[in-house]
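Here are some quick notes to read alongside the model. Have it open while you go through the points.

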Amino acid sequence: MTSIEQTIDWINRAPLSELTREAALLRDQGHGRNLSYSRKVFIPLTKLCRDVCHYCTFAERPRAGRPAYLSPEDVLAIAHAGAKAGCTEALFTLGDKPEARYRAASEALATLGYATTIDYLRAMSELVLKETGLLPHANPGVMTREEIAGLREVSASQGIMLESASARLCEPGGVHYGSPDKLPAVRLETMRLAGELAVPFTTGILIGIGETREERLESLLAIRDLHARYGHIQEVIVQNFRAKPKTKWENAPEPDLDDLLWTVAAARLLLGPTMNIQAPPNLTPENYERIVEAGINDWGGVSPVTPDHVNPEAPWPEIEELARRTASVGKVLVQRLPVYPEYARDADRWLAPKIATRVRRAMDADGLARDDDWAPGLTVPPRGQLSRLGSVDPVVERIVAKATNGERLDEPEIMRLFAARDVDFDHVTAAADALRKAVSGDVVRYVVNRNINYTNICYYKCKFCAFSKGKTHEALRGTPYDLDLEEIVRRSREAWDRGATEVCLQGGIHPDYTGATYVGITRAIKAALPGMHVHAFSPLEVTQGAATLGRSIPDFLAELKEAGLGTLPGTAAEILDDEVRRVIAPDKIMTDQWLNVVGAAHKLGLRTTSTIMFGHVETTLSWARHLLRLRDLQQETGGITEFVPLPFVHMEAPMYLRGLSRRGPTVREAVLMHAVSRLVLHPLITNVQVSWVKMGPEGAAQCLNAGANDMGGTLMNESISRAAGTQHGQEFPPEAMEALIRSIGRVPQQRDTLYRPVSNERREVSFGAPELAPVVQTPPRKLAHA
């Protein structure tokens, strides 16, 4: 007996309570605490259908005075109402090939200018996508390869309910008799073609329509076999038949609750932990909790705007009520897109290019729908998280306790922390804040500094960068420039006169620069201002500089140190995961090169910061790998002063404009990055800095209450994030910095680059500083610093 045969035998023999318990455990392995739903608007493009299912009230005959199809104006009116209500999905449901049965349908299509119903569906899907941004999910019935391929270009997902694999139901006396599109072989062929075409596909079974339990299991196995072959079945719906007046089956018995629970549990046990299994909440409104306990992980589409046109007698639940009742059984209601997360995260494979762009812009790092309108750099205040659950996940408690004890977490543990929502989010952030208090007390430090970006000309083609320009390229923000030494020194002197203790120097990799350029800049500043700390040159500049001189990395770093370099910024890290780096910066240094430069600096006594740029194309696995690589480096060298999360600012970033990235992290993700990094890096990296340029004052305050203890620099000039589109200012002066810190009950302290308190003289000069003189952006010139 095979394992699947053993499972079926057990399903048929075991008590219901045992089945549902095992199904729930299996579901939790694959989906944790999340229970998803899609916020949708239901668009019944036509209710005409050539099939005559004996239980259906959706299908209608043509009637005089009633349009056969919704007009484009009607479609858009429904879609706009859905978009206004925060929906992300436009569910197109319609009868199957009505033009094959009704002249009224074919004539209506001709008037509209289309040959078939699916031609019109494709056009309306494209219209909704273009005009409202809603993501279409197409559910038109049996389709040809060409029809599926055409809809793939304008929809995020498609579907067809298998209903049953039993051909017996299509025989005389069966519910599908007279319905050619309900033949199981025809429907399974549509599903197979969708698999070949890499379409995320929804299907399911309808129970209580005359099938046996054995036939239900056969249906689930047919779905299982197709998914094993193509991997495209994104969800399986278990829907219970509801008897409806004025149908042939109006007096038929409905399946009872135990029958539904048995089928849900069987689906989970046969389809495995990761399959998305759904049961519509409006069909069993009094038994939400029991259905969750049977193994579902999704409620399906719920509309705040339109009724369920297939089951009009069953109103949708209010989403807040659904969230409350979901929480009552220990689950967090999360909003998804019509395409499920595992397919959204692999959009290049599963989605047409223009659909992939829309999906990336609508999703978070987990592939779920973004839960806020905030993005890094916007002045819209980030809102907090709402919690409904009564208890923290014991797994989260265990991981947090392990991290607080200073133990090294593994990648899955870190990913679980990044997945925290509701009270789990509260627990992670509170633990990080408590750890911050234990390590650094209530002091929040900041440094008075000036950013000097000496050139925005760069021969690298990083897809995230809106700052760098070619020598004659004036797209995006600003024209190319290449500061001369006099302007660099002038800005440094002006910064000193305004109380700065540090200048931070970075720029593009200018094709005419050599290592001598970087040494010359450092010497010029130190000659003019011996007391100024020079914090300069990322591992990328160091690598390029050393290569141009034919020097080893350690030798070149030693020369920079002798010239007066004090510390290095740990930028150019982006994501220390080569899978991601090959996408966003394929010609840039890879992970090991970055780590080797930073490690070499530490061995020479040059300390560095460390950073992460997150919220673009990477996943939480990349975040986990990045943090562990920094932790391991710090364990070896001890040379990292702080960790700085840098949320991706998307507005002008090339890869966002080309549709290749998300729109930065959500608020939850941004706050968690500060909290989780505090936990993961403990006790090795003791300072976690928040970027006010990217998070804004309100977001910075949230992060300071979630593990961060440092506000970074006042900056004076900030060019890189401004070029990417941030709306926050170029300077956060000490007066504003300290007011923000005091507003959350903390104690401000000016520091230097190495986290030492500054002198009273420096502090006094920094307050009430005069306005900056206009900067001079020296035009490009050949061999300016060589």
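How many helices and strands are there in the protein?

1. The protein has 30 helices and 18 strands, counted as DSSP runs (H or I, at least four residues, for helices; E, at least two, for strands) and numbered from the N terminus. Keep in mind that this is a predicted model, where local features need pLDDT of at least 70, side-chain atom pairs count only at pLDDT 80 or more, and totals for chains, interfaces and linings use all residues. Residues are numbered from 1 along each chain as its sequence is written, and side-chain values use heavy atoms, with hydrogens and water left out.

2. On overall shape, the radius of gyration is 30 Å, which agrees with the value near 28 Å for a compact globule of 786 residues (taken over C-alpha atoms; the rule is 2.2 Å times the number of residues to the power 0.38). Along the principal axes, the C-alpha atoms fill a box of roughly 95 × 55 × 50 Å.

3. Of the 786 residues, 61% are buried (under 20% relative accessible area, 1.4 Å probe, protein chains only). Take contacts (heavy atoms within 4.5 Å) between residues at least 6 apart in sequence: 79% join residues at least 24 apart.

4. One helix pair to look at: the axes of H15 (residues 394–404) and H16 (residues 411–418) come within 10 Å and cross at roughly 115 degrees. Those axes are lines fitted to C-alpha atoms over the stretch in contact, with angles from 0 to 180 degrees between N-to-C directions. The residues making the contact include Val395, Ile399 and Lys402 of H15, and Glu413 and Leu417 of H16.

Definitions and conventions:
Buried means under 20% relative accessible area, exposed over 50%, partly exposed in between (1.4 Å probe, protein chains only).
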